[in-house]
Amino acid sequence: MEENGEEKLIAAVRHIAKTLGRTETMAEDILQVFSAFDGRFSLDKLSSDRPLPRRRSPANSPAADTAVAGGGGATAGGREGDDPRPPLERTIRTLDRQISRFVASDRLIWSDAADAAAFLEAVDDLLATIRDIESASSPADKSLLDRADDLLQRCMLRLEEEFRAILDRPDGFAAAGGISTPPSEDSDSDGADEGEDHVPVAAPVNDYNLVIDALPPGSIADLHAIARRMVAAAFGRECAEAYGVSRRGFVDESIARLGLRPRAADEVQATPWADLEDEIARWVKAAKMAFLILVPSERRLCDRVFASLPPFADLAFASACRPAAAGLLCFADAIAAGPREPERLFRLVDMYEALHDLLPELDHLLSEQYSATLRSEVAAAHRALGSAIRGIFVELENLIRRDPAKAAVPGGGLHPITRYVMNYLRAACAFRRTLEEVMEEDATGVNIPPDPHHPSSSSLSLQVAWIMDVLQSNLEAKSKVYPEPPLSFIFLMNNGRYMTQKVRDSELGALLGEEWIRRQIAMVRRWGSDYQRATWTKVVAVLRMDGIGGAAASSSAAAGKAMRERLRLFNTYVEDIWKVQVGWVVVDEQLRTELRLAVGALVLPAYRNFVARLRQAVEVGRQMDRHLKYSVEDVEARINELFEGRHRR
């Protein structure tokens with residue numbers, strides 16, 4: 001009789017739900033209200049053979065069964081109070097029925113907050129039950145534990161699916177444009193032609209103290225709730241890897257928005273250097289934005305999702321960020337492994353400085369178990385770039401040594417190798433602090449003899465001084481190409497003076513020191529003296545009065561004849577020198593003036609004295625105008641026309 005009364009009561013409840021529930025959702029809600037109000041109206045009883053249709057709409061919430069395991073003590077008593085099976089087995093059976101409804105649902109559990117809470121509660125109950133079974137340590141419970149583990153496995157698979165869905169749903173990317181740029185007014189007309197795969201490039205960023213909130217707080221709370229259960233169930237690694245796979249797309253797209261795409265090393269090395277220069281400039285900006293904005297933001301997000309769940313926060317972070325970061329570093333490694341051509345130095349220094357500035361920022365950010373590998377990779381790329389920079393200086397030495405000494409520079413002027421090397425070193429010294437650090441990194445491996453004048457010199461100053469010595473040796477070899485020894489000295493003077501000026505007017509002076517400059521000036525003076533001896537010694541020699549005698553002797557006919565012959569030789573020498581050396585070049589105006597004055601000081605007094613003695617000769621004095629072709633002023637004018645680098649008139 002009592003049983004018939006309960007059946008009639010259940011039938012009445014079904015009728016009420018069918019009558020008042022204008023929609024399936026409303027009917028389901030009415031049944032759930034009755035179920036919560038009275039334990040006799042469990043959803044299992046109300047659902048059995050009831051006229052309400054089964055449905056897959058969001059309103060068909062599996063949370064309706066939460067009373068079975070969570071708040072359904074009365075239900076358990078009503079239906080299973082007389083169940084002869086042990087309590088743990090009954091609990092597993094109840095949880096299996098409840099969880100299976102969630103796991104089998106075609107819609108996302110987290111699309112409904114009540115469903116999500118009920119499912120998490122069921123998972124918590126299952127974990128607690130498993131602990132109880134394990135603590136019992138009864139051999140008879142092994143099959144029960146296997147059933148529980150299988151159920152737990154199904155829960156974890158579904159939680160992982162929900163975890164990915166929360167990460168991938170559109171509202172999770174509310175701030176994904178944090179490092180992108182809004183479209184410009186004229187971008188609409190261009191967008192149609194760029195294809196579906198076009199990724200807009202980010203606008204430049206000068207302030208790197210930015211944080212990207214890539215997920216809303218509600219999503220982060222949901223993710224954290226799932227992560228806690230998965231870690232508690234020993235599925236923390238799977239959860240972290242699922243996070244990494246889902247977030248990796250966001251990180252990769254963010255890098256693409258910075259104007260870079262992943263490229264293999266051989267592709268990078270096959271690209272013309274002119275194109276690589278532009279890409280390196282983009283890489284430097286991208287590396288800063290990636291490691292100063294994107295990576296810290298991802299770290300912050302991981303730490304919130306996996307709060308108090310080490311080391312899974314670091315594992316998830318490394319899984320999400322490392323592939324994209326490795327792509328950036330792969331490009332740096334490819335550039336570092338490329339040819340050691342000197343013109344590549346300045347872009348390599350840019351890359352080296354970028355990583356150098358990043359490393360202190362990454363020390364704390366990438367200090368844990370899994371992310372420390374990424375920190376090591378950044379440091380390795382930094383070292384590879386430093387090694388490449390040192391290799392470029394070695395290649396510069398080789399370039400100087402290989403420069404042939406066959407073709408002579410017309411007029412003994414400035415050699416192109418001198419101009420190239422000095423301007424190159426001068427430009428390189430703009431990065432003096434960086435280059436000093438690079439050279440010190442491998443100071444023990446630099447095969448450069450110490451400078452006896454500066455035993456405490458830095459590795460960079462030793463390197464530069466060594467290159468200057470190599471250049472000087474090369475120039476001395478080139479000077480031997482000239483058939484006229486005086487012209488070889490003019491060549492050395494020109495190039496030596498140019499080297500001195502470039503050192504004085506730049507950071508090279510601080511590197512090489514005043515002592516080097518003094519030695520170089522002394523060398524230039526010595527070459528000037530060598531030129532004067534090679535060119536003008538014989539000219540001055542014919543003006544000496546040796547063998548002619550004093551004033552009385554000079555008035556004799558023989559002396560007059562000898563003086564006329566010496567005058568003729570002098571005129572010939574001066575004319576020959578002028579004809580040739582007016583086409584020679586002394587590039588530096590001050591050096592040219594100094595050299596002319598030195599020649600004049602050597603020749604003009606001797607010639608003036610000779611002319612005065614010549615006038616005293618009786619035989620010559622009467623015909624002075626006929627014998628004296630050049631006055632002292634004429635000789636001086638000819639000297640002042642030398643080294644102009646022009647053809648004789």
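1. Start with Glu162, which sits in helix H8 (residues 142–168). Helices here are DSSP runs of H or I with at least four residues, strands are runs of E with at least two, and numbering goes from the N terminus. Glu162 has 0% relative accessibility, so it counts as buried. Buried means under 20% relative accessible area, exposed means over 50%, and partly exposed lies in between (1.4 Å probe, protein chains only). Setting aside neighbours within four places in sequence, Glu162 is in contact with Arg107, Leu108, Ile109, Trp110 and Ile226. Contact means heavy atoms within 4.5 Å. Glu162 and Leu223 are 61 residues apart along the chain, and their C-alpha atoms are separated by 8.9 Å.

2. A word on the basis. This is a predicted model, in which local features need pLDDT of at least 70, side-chain atom pairs count only at pLDDT 80 or more, and totals for chains, interfaces and linings use all residues. Residues are numbered from 1 along each chain as its sequence is written, and side-chain values use heavy atoms, with hydrogens and water left out.

3. The overall picture. The protein chain has 27 helices and zero strands. It has 649 residues, and 46% of them count as buried. Take the contacts between residues at least 6 apart in sequence: 79% of these join residues at least 24 apart. The exposed surface is about 31,700 Å², with carbon and sulfur atoms supplying 52% of it. Areas come from the Shrake-Rupley method with a 1.4 Å probe; for residues, only the protein chains shown count as cover.

4. The core. The largest nonpolar core has 176 residues, and Phe163, Trp283 and Phe306 touch the most other members. Such a core is a set of buried Ala, Val, Leu, Ile, Met, Phe, Trp, Tyr and Cys residues joined through side-chain atoms within 4.5 Å. Phe163 touches Leu223, Ile226, Ala227, Cys239, Ala242, Tyr243, Val305 and Phe306, not counting residues up to four places away in sequence. Ile226 is thus on the contact lists of both Glu162 and Phe163.

5. H13 and H14. Helix H13 (residues 273–305) and helix H14 (residues 312–336) cross at roughly 170°, and their axes come within 10 Å. Axes are lines fitted to C-alpha atoms, for helices over the stretch in contact; angles run from 0 to 180 degrees between N-to-C directions. H13 is therefore roughly antiparallel to H14. The cut-offs are under 35 degrees for roughly parallel, over 145 for roughly antiparallel and 65 to 115 for roughly perpendicular, with the rest oblique. By class, this contact has 19 nonpolar, no polar and five charged residues. Ala, Val, Leu, Ile, Met, Phe, Trp, Tyr, Cys and Pro count as nonpolar, Asp, Glu, Lys and Arg as charged, and the others, Gly among them, as polar.

6. Check the loop between H13 and H14, where Pro311 lies. The peptide bond from Pro310 to Pro311 is cis, with omega near 0°. Lys285 is in H13 itself. Its relative accessibility is 51%, so Lys285 counts as exposed. The C-alpha atoms of Lys285 and Met351 are separated by 9.7 Å, with their positions 66 residues apart along the chain.

7. H16 and H18. Helix H16 (residues 372–402) packs on helix H18 (residues 432–441) at about 95°, with axes 9 Å apart. The two are therefore roughly perpendicular. His382, Gly386, Ile389, Arg390 and Phe393 of H16 meet Leu435, Glu437, Val438, Met439 and Glu441 of H18. That contact has five nonpolar, two polar and three charged residues. Thr434 is also in H18. Thr434 counts as buried because its relative accessibility is 12%. Thr434 touches Val349, Tyr352 and Glu353, leaving out residues up to four places away in sequence.

8. Two backbone points. Ala234 is not a glycine, yet has a positive phi of about 70°. Ala234 is in the loop between helix H10 (217–232) and helix H11 (236–257), and is exposed at 65% relative accessible area. Phe643 also has a positive phi, near 65°. Phe643 is in the segment after helix H27 (632–639), and counts as buried at 1% relative accessibility.

9. Last, Val603 in helix H24 (residues 589–616). Val603 counts as buried, at 0% relative accessibility. Beyond neighbours within four places in sequence, Val603 is in contact with Trp536, Val540, Leu543, Phe570, Val635 and Ile639. Val603 and Val632 are 29 residues apart in sequence and 9.6 Å apart in space, C-alpha to C-alpha.
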